[in-house]
Amino acid sequence: MKLYSTRNKSIEASFQEALFIGLAPDGGLYYPAERESLTSLFEGFDKDTTFNEIAEKVAYSILSNELDNDAIKRIIKRAFNFEPKLKTITNNIDVLELFHGPTCAFKDFGASFLAASMEEFLTHDKKKAIILTATSGDTGSAVAQAFYEKENIDVIILYPSGRVSPLQEKQLTTLGKNIHALEVKGSFDDCQRMVKEAFNDKELKSTFSLTSANSISIGRLLPQSFYYIWSWAQVKDKYEKPVFCVPSGNFGNLTAGLYADWWGLPVKNFIAATNANDIVPEYLSSGIYKTRSSVKTHSNAMDVGAPSNYERMNRLFNEDISKFREKIHGEVVTDTQTEETMKWILDNLNYLACPHTAVGLLAADRYLKENKQDHVISLSTAHPGKFVEIVKQVTGINPELPKELSSLLSKDKEATLIENKLEDLVSFLNKGF
Ligand SMILES: *Cc1c(COP(=O)(O)O)cnc(C)c1O
């Protein structure tokens, strides 16, 4: 698979190169520019095809010029010891639960595949790398879990001291082995600045083979297409072309669905469901793309005011808004509506949803009122137990913390406290681990 920068098609990379480079040198995002036709592959899948089988065959079809079948098999086996689940909640809505991985959110799919792919390439080339990442709390844990015990890779996570929740801190600091937590006396912005400074120091970067595992990595995006394909195969006997409803923030998840569609998956439409950070729905209705500062909402993992993956979508649609509108339908859900939806689906459908999932479900319901014949697969992006406070406040139910997370609370924290200066990070690197 050949990848190009969204900002300049003369900047090219292989999948392996893009994995370790992250952001393209011109600041663009890597995207696949040549369409693969996987229609006949998809036709061979049905409801009995396992998620891992689909992941393996699709990955092989798009990456076989760089990885042989055994390598792909190893990557998929090591990446996915968890699966999506599809639950029917009404006559025309199925919920695609993506929270059965180690950190109980869909980001586990992308992070695990990225980690397993990096491990495969590094082992093959007999090289080592250090992943350096800053987190404000949640995103770091998917990376930490995904890279845990991977060969030839160490992970250093910088987080702001006293500014992450106790559970988030446990997620970052209790793994040990190749996962190193640096507790920084400062803010998230300090952590991010230090990571940036380290990457900008060319000598430091090459001495330690520093690399990132950023959410914009194509290695995290591509594997997210697998669960669209799997869920389509689950329902294909019943419905010809499902509509996918995607609770969105940075639009990585939705973009992955668009790639599956582009490769030939029979999809009728996508619903882009957002909270008050409605940059993309606004663009679809007004034709004007205008980023702004994000506002805080109940579905905080979707509080994004400048969605990075707009660049990838725009490339896919050749900057043609009419193509955008043909494929994507926008819906905006307020916090009050999110609360009402969480209550309504619990009382009427006996289903407990996290706020992000609820945004999607209301958007799906609105769409179905206008398109009664359609069938929606609505993506559930996180386990309700990850958002205990808001779920309890809105529904009165104290959701059980998933066991993957509750077991962490009794484990001991291991972190190195440092000042918010690059030299402290450098001395940690020099000391070795
Ligand atoms: C990251 C995240 C989202 C948004 O996904 P994007 O790919 O950024 O659009 C939605 N819900 C949850 C729980 C998330 O963690």
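Two strands count as paired when DSSP finds at least two bridges between them. With that in hand, let's walk through this predicted model, starting with its sheets.

**The parallel sheet**

Five strands make up an open sheet, and their order is β9-β6-β7-β8-β14. The pairing in this sheet is parallel. Which strands stand at the edges? They are β9 (210–211) and β14 (416–419). Each of these has a single partner strand, so one side of each is left without a neighbour in the sheet.

Inside the order, β6 sits beside β7. Strand β6 covers residues 129–134 and strand β7 covers residues 153–160, and six bridges hold the parallel pair together. You can find one bridge by looking for isoleucine 130, whose partner in β7 is aspartate 154.

**The antiparallel sheet**

Strands of a sheet pair through backbone hydrogen bonds, and the pairing can be parallel or antiparallel. For the antiparallel kind, look at the open sheet of three strands in the order β2-β1-β3. Its edge strands are β2 (8–13) and β3 (30–32), and each pairs on one side only. From one strand to the next, the twist averages 45 degrees.

Strand β1 spans residues 3–5 and pairs with β2 over three bridges. Between β1 and β2 lie two residues, and the two strands form a hairpin. Tyrosine 4 is a handy landmark here, as it stands opposite glutamate 12 in β2.

**Another hairpin**

Further along the chain, β4 (residues 85–90) and β5 (residues 93–97) run antiparallel. A hairpin of two residues joins them. Here threonine 88 stands opposite aspartate 94 in β5.

The table sets out the strand pairs described so far.

| Strand pair | Sense | Bridges |
|---|---|---|
| β1 and β2 | antiparallel | three bridges |
| β4 and β5 | antiparallel | five bridges |
| β6 and β7 | parallel | six bridges |

**Two crossing helices**

Now turn to helix α3 (residues 51–63) and helix α11 (residues 225–235), whose axes come within 9 Å. They cross at roughly 125 degrees. Why are they called oblique? Angles over 145 degrees count as roughly antiparallel and 65 to 115 as roughly perpendicular, and an angle in neither these ranges nor under 35 is oblique. The crossing angle of α3 and α11 therefore makes them oblique to each other. Their crossing is right-handed.

**A pocket to explore**

Rolling a probe the size of a water molecule over the atoms shows where empty space is left. The second largest pocket holds about 340 Å³ of space. How many residues line the second largest pocket? There are 15, and Arg78, Asn81, Pro102, Gln145 and Ala146 lie nearest its centre. The elements giving two or more residues to this lining are α4 (69–79) and α6 (139–147). By character, the lining residues of the second largest pocket divide into six nonpolar, five polar and four charged.

Methods. Residues are numbered from 1 along each chain as its sequence is written. This is a predicted model: local features need pLDDT of at least 70, side-chain atom pairs count only at pLDDT 80 or more; totals for chains, interfaces and linings use all residues. Side-chain values use heavy atoms; hydrogens and water are left out. On a 1 Å grid over the protein atoms alone, a cavity is a set of points where a 1.4 Å probe fits but cannot get out, and a pocket is an open set with protein on both sides within 12 Å along at least five of seven lines; lining residues have an atom within 4 Å of a point. Grid points are joined across faces, edges and corners, and a volume is the space filled by probe spheres set on the points. Helices (H or I, at least four residues) and strands (E, at least two) are DSSP runs, numbered from the N terminus. Ala, Val, Leu, Ile, Met, Phe, Trp, Tyr, Cys and Pro count as nonpolar, Asp, Glu, Lys and Arg as charged, and the others, Gly among them, as polar. Axes are lines fitted to C-alpha atoms, for helices over the stretch in contact, and angles run from 0 to 180 degrees between N-to-C directions. A crossing is left-handed if the near helix is turned anticlockwise from the far one by less than a right angle, and right-handed if clockwise.
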